[in-house]
Amino acid sequence: MKPFLRHTLEILSVVALAALWAVTASLGRKGRADTCQEVIATITDSLQRKFVSEGDVRKWTSEYVTFKGRGLDSLNLDGLEKYLKGKSAVREAEAWITDDGNIHVSVTQREPVVRFQDGGNGWYCDAGGFVFPLQSAFAEKVPIVDGDIPVKVERGFKGYPEEGGEWLRGIISMIDYMRKTDGWSSRIGQIHVERTGDLILIPARGKERFLMGQPTAVAEKFSRMKSYYRNIAPDHSYRTVDLRFDGQIVCSEK
């Protein structure tokens, strides 16, 4: 083939490919919306808890900015995600746009492991020590701690408390042990805190009050409680059972 003809064919091929790309891009632009159409909300863990509804997410999204009819290029999805994460019961939030112009917002709720009741002020705490208020829409079934709680939380507070963190981590560790071992979480009906910060565990059934002390050496203390139920309670149940001393179970009728 002559060089002139070969170069001509190469140029024509490049022009054809460029034209095909332009047509494809034009069709793609025509198939994509330029303005926001709807906000579609999804709660990833809606089967586990009901703190947040899809309606809540749509409402919060509209509070942040009116999206419908707004140009897609002007949307600040990072800002929306940050705004939603500021809601007390929201742990994670993701937002993205699809070609049809819809904004999809996916929310994951916080998962409390324990509830604290300090007089008239109640609050949840998750496994990481993050505190957030009770939610009017839903109550999570978790162990309840009441009494003279050494972690002071203002009504409506969310975040990590400045004081009492070590004691709080001990409670969380104890709750985690109860959830994973011998069904203790369902057998203990109440956890009461004394003025000293010591714990009294009250079973859902029976008259015993187990003196746990500080939330330390948890496995050893529950092992002693297990020994009480196995070796002592079948013959005689006591009012007070002290588990605080290594290698001992001190029982009393008082």
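**Exercise 1. The crossing of α4 and α6**

Determine the handedness with which α4 passes α6 in this predicted model, and characterise the packing of the two helices.

*Solution.* Step 1: the crossing of α4 past α6 is right-handed. Step 2: the helices concerned are α4, residues 165-180, and α6, residues 218-232. Their axes lie 10 Å apart and enclose an angle of about 45°. Step 3: an angle between 35 and 65 degrees falls outside the parallel and perpendicular ranges, and therefore α4 is oblique to α6. Step 4: on the α4 side, the contact is formed by Met174, Tyr177 and Met178, while α6 contributes Val218, Ala219 and Phe222. Step 5: sorted by class, this contact of α4 with α6 comprises six nonpolar residues, with no polar and no charged ones.

**Exercise 2. The packing of α2 against α3**

Establish at what angle helix α2 and helix α3 pack, and which residues make the contact.

*Solution.* Step 1: α2 spans residues 54-64 and α3 spans residues 77-85. The angle between them is about 125°, and their axes are 10 Å apart. Step 2: because of this angle, α2 is classed as oblique to α3. Step 3: α2 passes α3 in a right-handed crossing. Step 4: Trp60, Thr61, Glu63 and Tyr64 of α2 meet Gly79, Leu80, Tyr83 and Leu84 of α3. Step 5: the contact of α2 with α3 divides by class into five nonpolar, two polar and one charged residues.

**Exercise 3. The largest pocket**

Describe the volume and the lining of the largest pocket.

*Solution.* Step 1: the volume of the largest pocket is about 280 Å³. Step 2: the largest pocket is lined by 13 residues, of which Lys141, Val142, Pro143, Ile144 and Ser185 are the closest to its centre. Step 3: strands β4 (112-118) and β8 (188-193) each provide at least two residues of this lining. Step 4: by class, the lining of the largest pocket contains six nonpolar, two polar and five charged residues.

Methods:
Residues are numbered from 1 along each chain as its sequence is written. This is a predicted model: local features need pLDDT of at least 70, side-chain atom pairs count only at pLDDT 80 or more; totals for chains, interfaces and linings use all residues. Side-chain values use heavy atoms; hydrogens and water are left out. Axes are lines fitted to C-alpha atoms, for helices over the stretch in contact, and angles run from 0 to 180 degrees between N-to-C directions. Helices (H or I, at least four residues) and strands (E, at least two) are DSSP runs, numbered from the N terminus. Angles under 35 degrees count as roughly parallel, over 145 as roughly antiparallel, 65 to 115 as roughly perpendicular and the rest as oblique. A crossing is left-handed if the near helix is turned anticlockwise from the far one by less than a right angle, and right-handed if clockwise. Contact means heavy atoms within 4.5 Å. Ala, Val, Leu, Ile, Met, Phe, Trp, Tyr, Cys and Pro count as nonpolar, Asp, Glu, Lys and Arg as charged, and the others, Gly among them, as polar. On a 1 Å grid over the protein atoms alone, a cavity is a set of points where a 1.4 Å probe fits but cannot get out, and a pocket is an open set with protein on both sides within 12 Å along at least five of seven lines; lining residues have an atom within 4 Å of a point. Grid points are joined across faces, edges and corners, and a volume is the space filled by probe spheres set on the points.
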